[in-house]
Amino acid sequence: MVNIPKERKTYCRSKKCRKHQMMKVTQYKAGKASNFAQGKRRYDSKQMGFGGQTKPIFHKKAKTTRKVVLRLECKKCKTKKQLVLKRTKHFELGAKRDPTGHQY
């Protein structure tokens with residue numbers, strides 16, 4: 001399980017900063033697919049009419065993990081950058097840790 005704080009200090013490469021700043025961390029999420037992208041238009045036109053499914057549908061899923069992408073936003077200049085983490089099954093942002101070991 002990967003647990004990452006909601007803020008981290010890292011390098012901001014915008015022309016305003018060009019030094020280490022506090023960044024706000026969020027998890028990247030892909031946007032809604034557009035119906036007017038070239039690939040979607042081509043696929044829809046190929047599917048029209050008779051003849052069934054024209055392109056392969058992927059079924060043989062092998063991976064059990066996902067690569068996590070962090071979206072870092074500079075608090076000073078609002079510049080955004082992305083940071084790819086390694087593969088992980090469980091990912092948390094800023095979760096409180098339970099203290100380990102002996103409790104008095």
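Here are some friendly notes on this predicted model, moving from the sheet to the core, the cysteines and the charged pairs.

1. **The sheet as a whole.** A good place to start is the open sheet, in which 4 strands are arranged in the order β2-β3-β4-β5 with antiparallel pairing. The edges are formed by β2 and β5 (80-88), each of which pairs on one side only. Ignoring direction, neighbouring strands of this sheet are turned by 40° against each other on average. As general background, strands of a sheet pair through backbone hydrogen bonds, either parallel or antiparallel.

2. **From β2 to β3.** Strand β2 covers residues 7-12 and runs antiparallel to β3, with 6 bridges joining the two. If you would like a residue pair to anchor your view, Thr10 stands opposite Gln21 in β3. The two strands form a hairpin with 6 residues between them. In that turn, Arg18 has a positive phi of about 55°, so you may wish to pick it out on a Ramachandran plot.

3. **From β3 to β4.** Moving across the sheet, β3 pairs with strand β4 (residues 66-74) in the antiparallel sense, over 5 bridges. Here Lys24 stands opposite Glu73 in β4.

4. **From β4 to β5.** This pairing is also antiparallel, and 7 bridges hold the record of it. Lys67 has Arg87 as its bridge partner in β5. The hairpin of β4 and β5 has 5 residues between the strands, and Lys78 takes a positive phi near 65° there.

5. **Met23 up close.** Is Met23 buried or exposed? Met23 has a relative accessible area of 1%, which is under the 20% cut-off, and therefore counts as buried. This residue lies in strand β3, which spans residues 19-27. Leaving aside residues up to four places away in sequence, Met23 touches Lys6, Glu7, Arg8, Thr10, Tyr11, Cys12, Leu72, Glu73, Cys74 and Lys81. For a sense of scale, Met23 and Gly94 are 71 residues apart in sequence and 14 Å apart in space, C-alpha to C-alpha.

6. **The nonpolar core.** Which residues make up the largest nonpolar core? There are 11 in all: Ile4, Cys12, Cys17, Met23, Val25, Val68, Leu70, Leu72, Cys74, Cys77 and Phe91. The elements giving two or more residues to this core are β3 and β4. Of the contributors, β4 gives the most, with 4 residues.

7. **Cysteines without disulfides.** How many disulfides does a search of the whole structure find? The search finds 0. The sulfur of Cys12 has its closest cysteine sulfur in Cys77, 3.6 Å away; a disulfide needs the two sulfur atoms within 2.5 Å, so this pair is too far apart for a bond. The sulfur of Cys17 also has its closest cysteine sulfur in Cys77, at 3.6 Å, and that is too far for a bond. Cys12 counts as buried at 2% relative accessibility, and Cys17 is buried with a relative accessible area of 13%.

8. **A salt bridge between distant parts of the chain.** The whole structure has 2 salt bridges. In one of them, the side chains of Lys75 and Glu7 meet at 2.2 Å, N to O. This pair links distant parts of the chain, 68 residues apart: Lys75 is in the loop between β4 and β5, and Glu7 is in strand β2. Lys75 counts as partly exposed at 41% relative accessibility, and Glu7 is partly exposed with a relative accessible area of 38%.

9. **A salt bridge within a helix.** The side chains of Lys40 and Asp44 also meet in a salt bridge, at 3.2 Å, N to O. Where does this pair sit? Both residues are in helix α1 (residues 38-47), and because they are 4 residues apart there, about one helical turn separates them. Lys40 is partly exposed, with a relative accessible area of 32%, and Asp44 is partly exposed with a relative accessible area of 32%.

Technical notes. Residues are numbered from 1 along each chain as its sequence is written. This is a predicted model: local features need pLDDT of at least 70, side-chain atom pairs count only at pLDDT 80 or more; totals for chains, interfaces and linings use all residues. Side-chain values use heavy atoms; hydrogens and water are left out. Buried means under 20% relative accessible area, exposed over 50%, partly exposed in between (1.4 Å probe, protein chains only). Contact means heavy atoms within 4.5 Å. Two strands pair if DSSP finds at least two bridges between them. Axes are lines fitted to C-alpha atoms, for helices over the stretch in contact, and angles run from 0 to 180 degrees between N-to-C directions. A nonpolar core is a set of buried Ala, Val, Leu, Ile, Met, Phe, Trp, Tyr and Cys residues joined through side-chain atoms within 4.5 Å. A salt bridge is a side-chain nitrogen of Lys or Arg within 4 Å of a carboxyl oxygen of Asp or Glu.
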